[in-house]
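The following exercises train the reading of a protein structure, step by step. Please attempt each task before turning to its solution.

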Amino acid sequence: MLGVKVPAYIFMGDSVQLFCDYDMQMDKLYSVTWYKDNEEFYRYVPTSKHLKHSFSMDGITVDHIYSDNKKVTLRYANLLMNGEYKCEVSAEAPFFTTVHAESKMAIISLPKPKDLTKINGGSGVYQTSDTIYLNCTSGESFPAARLRWYINDKMVVSNYDRSEKLRNGLYISISKLNLSISPDHFNNGLMKVTCQSIINIGRPKALPPPKEYKREAVLLVRGSAVAMCITFNFKLTLITLTSTLFLLNTS
């Protein structure tokens, strides 16, 4: 058995091919069997009338057209597909040798384009010595996002953090920040408060580096007049979703 090729992660709704690499040498192939979390879902038997057979399993849809003795193709990625995948190769008589290899695969669900990371609170005019109370809520995702607060691009500690699992299996993350405003918070009369939502994807130290998905919402507060400008930026390194709130110092 040379090993399996299973992606570390795929995105919700995608299709994926899992590869089983083996060398029978002098043996004759009897069967190739695929398991998810030790439960069989696909079998290939070259001597059978029906070469390919799939078994019912929640969340698993096998595409027989693009599956054979070396690979299995799965359609419609969903959260039930998270887990460990194992390929088992068996030889015919007289030795009936069986070898296997396995690898884990995660399903990633990113927030939808309209499902913004949001900052609530912060309406009105603020002066030094005031306290501002802010809430940040991430978009729905899997896995849950981690939220971080920044004041003028410098990270600060939140007052409260939690993640909530929804009925659809996705998560939202919530963070609260209570900030006592001081003159040092303002730069040319402007203070920038950023809530950054980070979804871990792939292996942190892997090469090439993990991918990034960035989203920003900007709120400008000036007296009683409020203007909002939302922009979207998409990049391809570690996934981040960002909402930014600007507060003008009127003191």
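## Exercise 1: The partners of one strand

In this predicted model, strand β12 and strand β16 (residues 190–199) run antiparallel and are joined by six bridges.

**Task.** Determine which strands pair with β12, and describe the hairpin of β12 and β13.

**Solution.**
Step 1. Begin with β16: six bridges connect this strand to β12. Within this pairing, L147 stands opposite S197 in β16.

Step 2. Turn to strand β13 (residues 154–156), which is antiparallel to β12 and joined to it by three bridges. Here I151 stands opposite K154 in β13.

Step 3. Examine the hairpin of β12 and β13, where two residues lie between the strands. N152 lies in the loop between β12 and β13, and its phi is positive, at about 50 degrees, although N152 is not a glycine.

Step 4. Consider accessibility. Buried means under 20% relative accessible area and exposed means over 50%; N152 has 25% and therefore counts as partly exposed.

## Exercise 2: Two open sheets

**Task.** State the strand order of the open sheet of four strands and of the open sheet of three strands, and identify the edge strands of each.

**Solution.**
Step 1. The sheet of four strands is open, has the order β10-β11-β15-β14 and shows antiparallel pairing.

Step 2. Its edges are β10 (118–121) and β14 (160–165); each has a single partner strand, so one side of each is left without a neighbour in the sheet. On average, neighbouring strands of this sheet are turned by 20 degrees against each other, direction ignored.

Step 3. Look at one pairing in detail: β14 and β15 run antiparallel and are joined by six bridges. The bridge partner of E164 in β15 is I172.

Step 4. The open sheet of three strands follows the order β1-β3-β7, again with antiparallel pairing. Its edge strands, β1 (3–5) and β7 (71–74), each pair on one side only. The average turn between neighbouring strands of this sheet is 15 degrees, direction ignored.

Step 5. Three bridges hold the antiparallel pairing of β1 with strand β3 (residues 16–21). Among the residues involved, V4 has C20 in β3 as its bridge partner.

## Exercise 3: Aromatic rings and charges

**Task.** How many aromatic pairs does a search of the whole structure find? Classify the pair of Y9 and F11 and the pair of F142 and Y171.

**Solution.**
Step 1. The search finds three aromatic pairs; two of them are treated here, including that of Y9 and F11. A pair of aromatic rings is described by the distance of the centres and the angle of the planes.

Step 2. For Y9 and F11, the centres are 5.8 Å apart and the planes stand at 80 degrees. Planes over 60 degrees apart count as edge-to-face, and this pair is edge-to-face. Y9 is partly exposed at 21% relative accessibility, and F11 is partly exposed at 24%.

Step 3. For F142 and Y171, the centres lie 6.1 Å apart and the planes are at 35 degrees, so this pair is tilted. The pair links distant parts of the chain: F142 is in the loop between β11 (131–137) and β12 (146–151), and Y171 is in strand β15 (residues 171–180), 29 residues apart. F142 is partly exposed, with 21% relative accessible area; Y171 is partly exposed as well, at 23%.

Step 4. Add the charges that sit over rings. K5 lies over the face of F19, 5.9 Å from the ring centre, and K86 lies over the face of Y35, 5.0 Å from the ring centre.

## Exercise 4: Backbone exceptions

**Task.** Which peptide bonds are cis at P94 and P143, and what is the phi of N38?

**Solution.**
Step 1. Recall the general rule: most residues other than glycine have a negative phi, and most peptide bonds are trans.

Step 2. The bond joining A93 and P94 is cis, with omega about 15 degrees; P94 is in the loop between β8 (83–91) and β9 (98–108).

Step 3. The bond from F142 to P143 is also cis, with omega near 0 degrees, and P143 lies in the loop between β11 and β12.

Step 4. N38 is not a glycine, yet its phi is positive, at about 70 degrees. N38 is found in the loop between β4 (29–36) and β5 (39–44) and is exposed, with a relative accessible area of 58%.

Notes:
Residues are numbered from 1 along each chain as its sequence is written. This is a predicted model: local features need pLDDT of at least 70, side-chain atom pairs count only at pLDDT 80 or more; totals for chains, interfaces and linings use all residues. Side-chain values use heavy atoms; hydrogens and water are left out. Rings of Phe, Tyr and Trp (its six-membered ring) pair if their centres lie within 6.5 Å; planes under 30 degrees apart count as stacked, over 60 as edge-to-face and the rest as tilted. Buried means under 20% relative accessible area, exposed over 50%, partly exposed in between (1.4 Å probe, protein chains only). A charge sits over a ring if NZ of Lys or CZ of Arg is within 6 Å of the ring centre and within 35 degrees of the ring normal. Two strands pair if DSSP finds at least two bridges between them. Axes are lines fitted to C-alpha atoms, for helices over the stretch in contact, and angles run from 0 to 180 degrees between N-to-C directions.
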